[in-house]
Amino acid sequence: MALISYTNSYIGKICFAMIWWFAAVVFQSLEISGGPIMNSVNSHWRPATATWYGSPEGDGSDGGACGYGSLVDVKPFRARVGAVSPILFKAGEGCGACYKVKCLDKSICSRRAVTVIITDECPGGYCSGGNTHFDLSGAAFGRMAVAGDHNQLRNRGVLNIVYRRTPCKYPGRNIAFHVNEGSTNYWLSLLVEFEGGDGDVGSMHIREARSTEWLEMSHVWGANWVIVRGPLRGPFSVKLTTLSTKRTLSARDVIPGNWAVKATYTSRLNFSP
């Protein structure tokens, strides 16, 4: 009996040690806090108007005011991009947010809602005067039509639609940070890519190697953030706080010490929808 008791106690200590080690590793790499996205995403449909631009079956903007560049031409952005009026663009802090949109004319519109990702801002025209307007890619606009009527719907020009926020989903992808051209050890600029859940960034902080201090970055334009300070020493951990629900995520040492300009570094993390 003494041998059994000792064995059980020894195994129990090993199991506890393994659980403690696993938890420590996880919490060193990941910190996500805040309420679920649906707490702040209004489930009610709201009225707006929509137009389209580019080629009829095209992806929409080439680059755009959010700074995603060529990402808008490939999945998961491809054919799902949209430019919005300033009320939704929010001086760039609305970049990356996802919306469901659908048109209201039952004679030509499908009941299906189309999901679009904000990658650009539309100036003037229907987008001015405080209006809520979506200027969609030709492909996204056409998908609101019933089968076979895509071109007829696009010929309508401007449509009355309804929209609502929806969680962003990027299966198989985690949040990435692109080091913008011109970055140095004294001026470091990052573009945030593939943020799931809320999709938008309200604040961003960076932590240097062997430091416990989170340094606040400044929003420059679109989905781009910068810190002017130095010399900065990597590797860098990055902390994001979403604009919509104030959820927080921390990616430890996501940018290596030998980081390179125009390189993209992918974390092991993402917000859940």
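**Notebook: strands, then the cavity**

I started with strand 4 (residues 98–103) and strand 5 (residues 114–121), and I found them antiparallel and joined by four bridges. A note to self before going on: this is a predicted model. I picked out one residue pair here: Y99 has V116 of strand 5 as its bridge partner.

Next I looked up where these strands belong. Strands 4 and 5 sit in a closed barrel of six strands, in the order 2-6-3-5-4-7. I noted that the barrel's pairing is mixed. From one strand to the next, the twist averages 45°.

Then I turned to the open sheet. I counted five strands there, in the order 12-13-9-8-16, with antiparallel pairing. Which strands are at the edges? I found strand 12 (218–221) and strand 16 (264–266), each of which pairs on one side only. The twist in this sheet averages 30° from one strand to the next.

I stayed with strand 12 for a moment. Three bridges link it to strand 13 (residues 224–228), and the two run antiparallel. For S218, I wrote down V226 in strand 13 as the bridge partner.

Last stop, empty space. Rolling a probe the size of a water molecule over the atoms shows where such space is left. With a cut-off of 30 Å³ or more, I get a count of one cavity. Its volume is about 110 Å³. I listed 16 lining residues, and those closest to the cavity's centre are Y68, C95, G96, V192 and G199. What is the lining of the largest cavity by class? I have nine nonpolar, four polar and three charged residues.

Note on methods. Residues are numbered from 1 along each chain as its sequence is written. This is a predicted model: local features need pLDDT of at least 70, side-chain atom pairs count only at pLDDT 80 or more; totals for chains, interfaces and linings use all residues. Side-chain values use heavy atoms; hydrogens and water are left out. On a 1 Å grid over the protein atoms alone, a cavity is a set of points where a 1.4 Å probe fits but cannot get out, and a pocket is an open set with protein on both sides within 12 Å along at least five of seven lines; lining residues have an atom within 4 Å of a point. Grid points are joined across faces, edges and corners, and a volume is the space filled by probe spheres set on the points. Ala, Val, Leu, Ile, Met, Phe, Trp, Tyr, Cys and Pro count as nonpolar, Asp, Glu, Lys and Arg as charged, and the others, Gly among them, as polar. Two strands pair if DSSP finds at least two bridges between them. Axes are lines fitted to C-alpha atoms, for helices over the stretch in contact, and angles run from 0 to 180 degrees between N-to-C directions.
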